[in-house]
Amino acid sequence: MPKFSTQEKEHIEEKLKKEGEKLFIAYGLKKVTVDDIVKVCSIAKGSFYNFYESKEHLYMEIISNCQKYMWNELDQHLENIKDLCKKDITKKVFYFLINSMEKYPLLSQMNMDTLNILYRKVSKDFRDFETNEDIKAFLKLEKYGIKFKYDLHIVVKAFEALYISYIHLQSEEKFQRDLIISILLDGIVEKVVDDDD
């Protein structure tokens, strides 16, 4: 196994993420193999495993990077809506994040098959890392005075369940999907967000 300099490692890791994202967008997580990824990156298969445990871990790393960009964009959005009541801010943030996904093809293509693969193949520690990334978005809400009735871990899991419902409903007519998500969102926000002072 060749030893890579720090600069080479950075270059290879960036190339894996860039080329991996292109492949995942074009063919989906299920159809892309590690062999496909290393071929377009011109590295040995063994070298891939110096960076990622599996193609699913690479996929999650790419998703995580997309989320980080979304959290940065969320700051400006929160600033624009900060005068609304706390429950309305929370609802608008959920819709903002759902709509922001359209900027990131990998996020907008997420479906139940992909989620099921990730839940089966990615270790619990990595899934916990993702939940902690989501918690960062909710910490932003707290900075704007939104108080939650439950521990942030519970709140995040409730919104993750709503996101999964959103993905599950992709095959429904838009009107029905939007109505169902609105009902579920209203219920979650009512239960987890403290009333305005």
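In the predicted model, a search of the whole structure identifies 11 salt bridges. Three of these pairs, each joining distant parts of the chain, are described below, followed by a salt-bridge network, two surface patches and the surroundings of one serine.

One salt bridge is formed between Lys 45 and Asp 35, whose closest N and O atoms lie 3.2 Å apart. The two residues are separated by 10 positions and connect distant parts of the chain, with Lys 45 placed in helix H3 (residues 45-51) and Asp 35 in helix H2 (residues 34-41). Lys 45 has a relative accessible area of 38% and is therefore classed as partly exposed. Asp 35 is also partly exposed, at 42% relative accessibility.

A further salt bridge pairs Glu 73 with Lys 103, at a distance of 3.4 Å between the closest N and O atoms. This pair, too, links distant parts of the chain: Glu 73 belongs to helix H4 (residues 55-81), whereas Lys 103 is found in the loop between helix H5 (86-100) and helix H6 (105-108), 30 residues apart. The relative accessibility of Glu 73 is 26%, so this residue counts as partly exposed. Lys 103, by contrast, is exposed, with a relative accessible area of 53%; the threshold for that class is a value over 50%.

Lys 91 forms a salt bridge with Asp 186, the closest N and O atoms being separated by 3.1 Å. Here the partners stand 95 residues apart and again join distant parts of the chain, Lys 91 lying in helix H5 and Asp 186 in helix H10 (residues 174-192). Lys 91 is partly exposed at 23% relative accessibility, a value to be read against the limit of under 20% that defines a buried residue. Asp 186 is likewise partly exposed, with a relative accessibility of 35%.

Salt bridges also occur as a network, in which Lys 174, Arg 177 and Asp 178 are linked. Such contacts are consistent with the general principle that side chains of opposite charge can pair when their charged atoms come close.

Two patches were identified on the surface. A patch of positive charge is made up of Lys 30, Lys 31, Arg 120 and Lys 121. Within this group, Arg 120 is located in helix H7 (residues 112-121). The relative accessible area of Arg 120 is 61%, and the residue is therefore classed as exposed. The other patch is nonpolar: Phe 175, Leu 179 and Ile 183 together make a surface of about 340 Å². Phe 175 is situated in helix H10, the helix that also holds Asp 186. With a relative accessibility of 63%, Phe 175 counts as exposed.

Ser 165 occupies a position in helix H9 (residues 152-168). Its relative accessible area is 25%, so Ser 165 is assigned to the partly exposed class. When residues up to four places away in sequence are left out, Ser 165 touches Ile 181 and Leu 184. Ser 165 and Glu 142 are separated by 23 residues in sequence, and their C-alpha atoms lie 25 Å apart in space.

Definitions and conventions
Residues are numbered from 1 along each chain as its sequence is written. This is a predicted model: local features need pLDDT of at least 70, side-chain atom pairs count only at pLDDT 80 or more; totals for chains, interfaces and linings use all residues. Side-chain values use heavy atoms; hydrogens and water are left out. Patches are made of residues with over 30% relative accessible area and no salt bridge: like charges are joined within 9 Å, nonpolar side chains (Val, Leu, Ile, Met, Phe, Trp, Tyr) within 5 Å. Accessible areas come from the Shrake-Rupley method with a 1.4 Å probe; for residues, only the protein chains shown count as cover. A salt bridge is a side-chain nitrogen of Lys or Arg within 4 Å of a carboxyl oxygen of Asp or Glu. Lys and Arg count as positive and Asp and Glu as negative; His and the chain ends are not counted. The place of a charge is taken as NZ of Lys, CZ of Arg, CG of Asp or CD of Glu. Helices (H or I, at least four residues) and strands (E, at least two) are DSSP runs, numbered from the N terminus. Buried means under 20% relative accessible area, exposed over 50%, partly exposed in between (1.4 Å probe, protein chains only). Contact means heavy atoms within 4.5 Å.
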